[in-house]
Amino acid sequence: MSYSALSLLIHAFRGHRDWKPAWREPELKPAYDIVIIGGGGHGLATAFHLAQLGAGTIAVLEKGWLGGGNTGRNTAVIRANYLREESVRFHAHSMALWNELSSTLNFNVMFSPRGQIDLIRTWGKLRDLRRRAAIMERHGVEYDLISTRRIREMVPDLDLGTEGAIEPGFGGKRLPVLGGAWHPGAGVARHDAVAWGYARAADALGVDIIQNCEVTGFRRDGQRVTAIETTRGSISTSKVGVAVAGHAGVVAELAGFRLPVDTWPLVAFVSEPLKPFLHTCINCPATQIYVNQSDKGELVIGGGPDRYRSHAQKGDWETVENVTRSLIDLFPRLGRVKLLRQWAGMIDVAYDTSPILSRSPLDNLYLSVGWGSGGFKAIPAGGEAFAKLIVTGMPDELIAPFGLDRFQRGRPLFETASASARG
Amino acid sequence: MSTLIPCPHCGDRPVQEFRYGSEAPASRPQTDSSIDPAPLSSLLYDSVNPKGLASEWWQHTAGCRLWFAIQRDTATDLIAETSA
């Protein structure tokens, strides 16, 4: 059934009693043409695009529930202000898809392109962002350096630390804000809705979405996977797509190879709901914090990853303290605001902080892993590109730089413009 | 993570004094005139990244500054053993 204003009105008159589930709960079949491991945004988007390409029978296996991993744990920021030409091109394409996503899926993902301000507090960062602005201009992404006066007009609550300064960098706060970079196309979206929207659209095209189904092993014939062992039985398949986060290394171990990926906790937390005062996303690399205000009024706050690798899914309290300190530094009047809840996503960070969207050491197993702290924003373009890769077996031009072989070929893509970048 | 890490030289010290360095790699592959790039590349870039017992190098940055080996369960964040 298609959702529309009319269908909403009809259901309203019936007292919302007969809404149907948005997707089926099918029985697991013994064989599929393609099996996608991971029912988060990337896995579901990949299944949707595979079904659109008519790639045969498709199943998505999810260990827990849909979007229960990093898709539901991130701070929902969507942006394209990266450093590398390859990353900017990819994320500019993803942002274009985000703008159309609600109508593509017939599901309101609540994409809100409210813009992002990157605060510049060191001369080095100013130089870095000027370089990034030049790269983004080549790819049609608007990214403009703005003055502290303009920042003050846009976000009056920000303490820029320029009070008492003789000139920028002298007097006032230790690191007064020197300026900013305005990224008007950036925004946020409702993360659950992204998983649910893709699940519903994929299900309508015949994809079997199997929840509570953990992969426990692979059966191989030489360098080919012939079947996948799961907690709900064995599935034979001719192609496998791995779209997991936090467990890329675990799944690779089951398949018999290693990845240049480490797993780190990335903490996020929200405040109690406040009246609307913050209309853009704020990112401050110098003090490692980014914050936006949700439609409910909660501040959604994140920072850098913890200081050590972990799979424990809880995050370190030290990080919460540091990020909170950075928040009060930017918004002193939030000092008395309470935090509501805190959680952590386990991010798989590749050696060069760029994703791995690639063929694998096995012939018919493909990888969409290592998305680090930036997987959510990449879902539309990542799903589209990964589906094409699985069907053709060859990466197209957009994702060719993200191949697993880039390390051995001496072509790593060190990306500094991400929360998980190596200091 | 435990709030204390037993430094092999200084004893139990707060976790904030320490820095995670890297995974402790398996032994370096033999390099001679017939170098195969695959195992060397794997040594440089690949991680075991286990969900469970991991071997890592840590440094006591705000203390004796010495490096030491640590055995740590990444699924529970509990430290099994440290050694100089």
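Start with the salt bridges between chain A and chain B: the count is 2 in this predicted model. To see one of them, select A:Arg309 and B:Glu56, whose closest N and O atoms sit 3.0 Å apart.

Now widen the selection to every residue pair in polar contact across the interface of chain A and chain B; you should end up with 16, with both partners at pLDDT 80 or more. Colour chain A by secondary structure next. On the side that touches chain B, helix H7 (248-255) and strand S14 are the elements that give two or more residues. S14(A) gives the largest share, 4 residues. By residue type, that side of chain A splits into 9 nonpolar, 6 polar and 8 charged.

Zoom out to take in both partners. Contacts link 23 residues of chain A with 25 residues of chain B. Between them the two chains bury about 2100 Å², and 47% of that is on carbon and sulfur atoms. Which three residues of chain A supply more of its buried area against chain B than any other three? Pick A:Tyr308, A:Arg309 and A:His311, which together supply 32%. A:Arg309 is also the salt-bridge partner of B:Glu56 from the opening stop.

Next stop: helix H8 of chain A, residues 317-330. Its 14 residues reach 20 Å from the first C-alpha to the last, close to the 20 Å expected at 1.5 Å a residue. At the start of the helix, show the side chain of A:Asp316: one of its oxygens comes to within 3.0 Å of the backbone nitrogen of A:Glu318.

Stay on H8(A) and display its buried residues, namely A:Glu318, A:Thr319, A:Val320, A:Val323, A:Ser326, A:Leu327 and A:Leu330. For the spacing, remember that an α-helix has 3.6 residues a turn, so residues three or four places apart point the same way. What covers the buried residues of H8(A)? Turn on the strands of chain A, including S4 (116-120), S14 (261-271), S15 (281-284), S16 (289-293), S17 (299-305) and S18 (339-350). You've met S14(A) already, on the side that touches chain B.

Last, jump to A:Thr230 in strand S12 (residues 224-230). Is A:Thr230 buried or exposed? It counts as buried because its relative accessibility is 9%. Its side chain reaches the backbone nitrogen of A:Arg232 at 2.9 Å and the backbone oxygen of A:Gly233 at 2.6 Å. To see what else surrounds A:Thr230, leave aside neighbours within four places in sequence and select its contacts: A:Leu28, A:Leu61, A:Cys213, A:Glu214, A:Val215, A:Thr216 and A:Ile235.

Note on methods. Residues numbered from 1 in each chain as written. Chains lettered and ligands numbered in written order. Predicted model: local features only at pLDDT ≥ 70, side-chain atom pairs only at ≥ 80, totals over all residues. Heavy atoms only, no water. Buried < 20%, exposed > 50% of the residue type's maximum accessible area, 1.4 Å probe, protein only. Polar contact = N/O pair within 3.5 Å; in protein donor to acceptor, adjacent residues only side chain to side chain. Contact = heavy atoms within 4.5 Å. Expected span 1.5 Å × (residues − 1). Buried area = accessible area lost by both parts, 1.4 Å probe. Salt bridge = Lys/Arg side-chain N within 4 Å of Asp/Glu carboxyl O. Nonpolar A, V, L, I, M, F, W, Y, C, P; charged D, E, K, R; others polar.
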